[in-house]
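Hi,

Here is the structure I promised to pass on to you. Please have it open while you read, as my notes follow below.

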Amino acid sequence: MTMFDLDRRTIMAGALAGAALSSAARAQSFPLPSGFTRFPIWPGKAPGGDRVTVREVETLRRPDSGPDDGVFAHIVTPTLTMLRPEAVGAKPNGAAMLLFPGGGYLRVAIGHEGYAIARRFAQAGYICFILLYRLPGDGWAAGPQAPLQDAQRALRMVRGLAAREKFDAGRVGVMGFSAGGHLAAWLTSRAPVDSYAPVDPLDREPLDAALAAYLYPVILMQGGFVHAGSRTQLLGADPSAPQRRAHSLEQDVSPRTPPVFLAHALDDKAVPPENSLAMLAALRAKRVATECHLFESGGHGFGLVPPPAAPAHWPDLFLSFARRHGL
């Protein structure tokens with residue numbers, strides 16, 4: 001029996017268990033957009049949920065949002081939502097993208113920074129996976145590490161799907177937005193340390209990404225440029241100095257970090273651009289290949305909002321960077 005056979009069994013078992021769990025735990029308001037498929041990342045319940053009593057819910061991101069612009073809160077069943085290039089009429093390029101939407105560690109904006117972004121990069125040939133990750137304030141035993149557990153498990157699952165989905169497990173990029181940028185940096189910019197005990201053969205997959213992108217990311221957890229909402233959700237109202245430092249991701253950057261693409265608007269009033277600048281300096285100090293774009297305007301959470309409201313051409317800049325680095 002091959003590693004892929006074991007992984008396929010794991011994924012199918014997890015899908016069946018997750019389907020049963022979803023009927024009890026998830027109050028999903030909207031159907032999946034056309035072309036997307038969704039499956040849980042853990043075989044059965046996510047780890048450390050004995051004291052979790054929240055009920056998962058999906059709502060609209062804004063009152064005027066369409067049904068594809070939903071946000072999830074109180075995630076109980078972490079999932080990957082997959083979009084193949086063929087679903088948007090594109091030819092696969094043999095690479096994958098793992099996307100982490102933002103939401104201040106209070107919710108996950110799966111529409112704005114998930115579905116829309118996946119469509120854009122599927123059109124460029126990438127098979128895309130959107131992670132719906134658990135939130136640290138919902139009572140998980142791992143506390144602030146619950147989202148990291150899901151991120152690590154998701155990267156391993158994406159790599160484990162490579163043979164079935166016909167892409168290269170060594171060509172997986174990770175992209176995160178806002179608090180999802182913090183999670184992406186946490187996953188990719190530090191030396192890998194397992195945040196959970198192995199649960200099945202998928203957990204033998206390495207925690208290696210070929211490339212990373214942090215879009216208007218939350219990086220700092222100390223100093224004057226912190227996004228207070230994300231820090232409070234992650235660490236509580238009054239975290240200690242060691243806690244703040246440990247989760248401030250310009251600290252402890254590994255020289256093994258893959259090439260990193262950064263983008264931020266200078267008029268971002270929610271997450272100051274100093275977050276990206278601090279990460280840029282840390283990456284340069286470790287001689288990590290890095291590209292950083294600072295846009296005159298766009299505010300926070302610009303995603304794919306069209307210009308002149310936001311710098312919608314950033315995906316082209318990212319694709320150029322990715323191609324130069326083999327993704």
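Let me begin with L277, which sits in helix α8, a helix spanning residues 274–285. Please keep in mind throughout that this is a predicted model. L277 counts as partly exposed because its relative accessibility is 36%, and the class runs from 20% to 50%. Between the C-alpha atoms of L277 and F129 there are 28 Å, with the two residues 148 apart along the chain.

F129 is a handy way into the sheet. Its partner is L98, which stands opposite F129 in β7. The two strands concerned are β6 (residues 96–100) and β7 (residues 127–132), which run parallel and are joined by four bridges. A96 likewise has a residue of β7 opposite, namely I127.

How many residues of β6 are buried? Five of its five are, so the strand is described as mostly covered. On one side lie A96, L98 and F100, on the other M97 and L99, and all of these are buried, which leaves both faces of β6 covered.

Now the sheet as a whole. Eight strands make up an open sheet with mixed pairing, and their order is β2-β5-β7-β6-β8-β9-β10-β11. At the edges are β2 (36–40) and β11 (290–295), each pairing on one side only. On average, neighbouring strands are turned by 15 degrees against each other, direction ignored. Helix α5 (residues 179–188) packs on this sheet, where it touches β6, β8 (172–177) and β9 (211–215), and its direction makes about 145 degrees with that of β8. Helix α9 lies across β6, β8, β9, β10 (260–265) and β11, and runs at about 170 degrees to β11.

Both of those helices also have a helix partner, so to speak.

For α5, the partner is α3 (residues 146–160): the two pack at an angle of about 65 degrees, and their axes are 10 Å apart. The crossing is right-handed. From α3 come P147, L148, A151, Q152 and L155, which meet L183, W186 and L187 in α5. Sorted by class, the residues of this contact are seven nonpolar, one polar and no charged.

For α9 (residues 314–324), the partner is α2 (residues 111–122), with an angle of about 50 degrees between them and axes 11 Å apart. That angle makes α2 oblique to α9, since oblique is what remains once angles under 35, over 145 and from 65 to 115 degrees are set aside. Here too the crossing is right-handed, with α2 passing α9. I117, R120 and F121 in α2 meet W314, P315, D316, F318 and L319 in α9. This contact of α2 with α9 has six nonpolar, no polar and two charged residues.

One last residue to look at is S230. Is S230 buried or exposed? S230 is buried, because its relative accessible area is 0%, and the limit for buried is under 20%. Its place is in helix α6, residues 228–235. Leaving aside residues up to four places away in sequence, S230 touches G104, Y105, A179 and V218. A179 belongs to the span of α5, residues 179–188, which brings us back to the helix that packs on the sheet.

Happy browsing, and best wishes!

Definitions and conventions
Residues are numbered from 1 along each chain as its sequence is written. This is a predicted model: local features need pLDDT of at least 70, side-chain atom pairs count only at pLDDT 80 or more; totals for chains, interfaces and linings use all residues. Side-chain values use heavy atoms; hydrogens and water are left out. Axes are lines fitted to C-alpha atoms, for helices over the stretch in contact, and angles run from 0 to 180 degrees between N-to-C directions. A crossing is left-handed if the near helix is turned anticlockwise from the far one by less than a right angle, and right-handed if clockwise. Contact means heavy atoms within 4.5 Å. Ala, Val, Leu, Ile, Met, Phe, Trp, Tyr, Cys and Pro count as nonpolar, Asp, Glu, Lys and Arg as charged, and the others, Gly among them, as polar. Two strands pair if DSSP finds at least two bridges between them. Buried means under 20% relative accessible area, exposed over 50%, partly exposed in between (1.4 Å probe, protein chains only).
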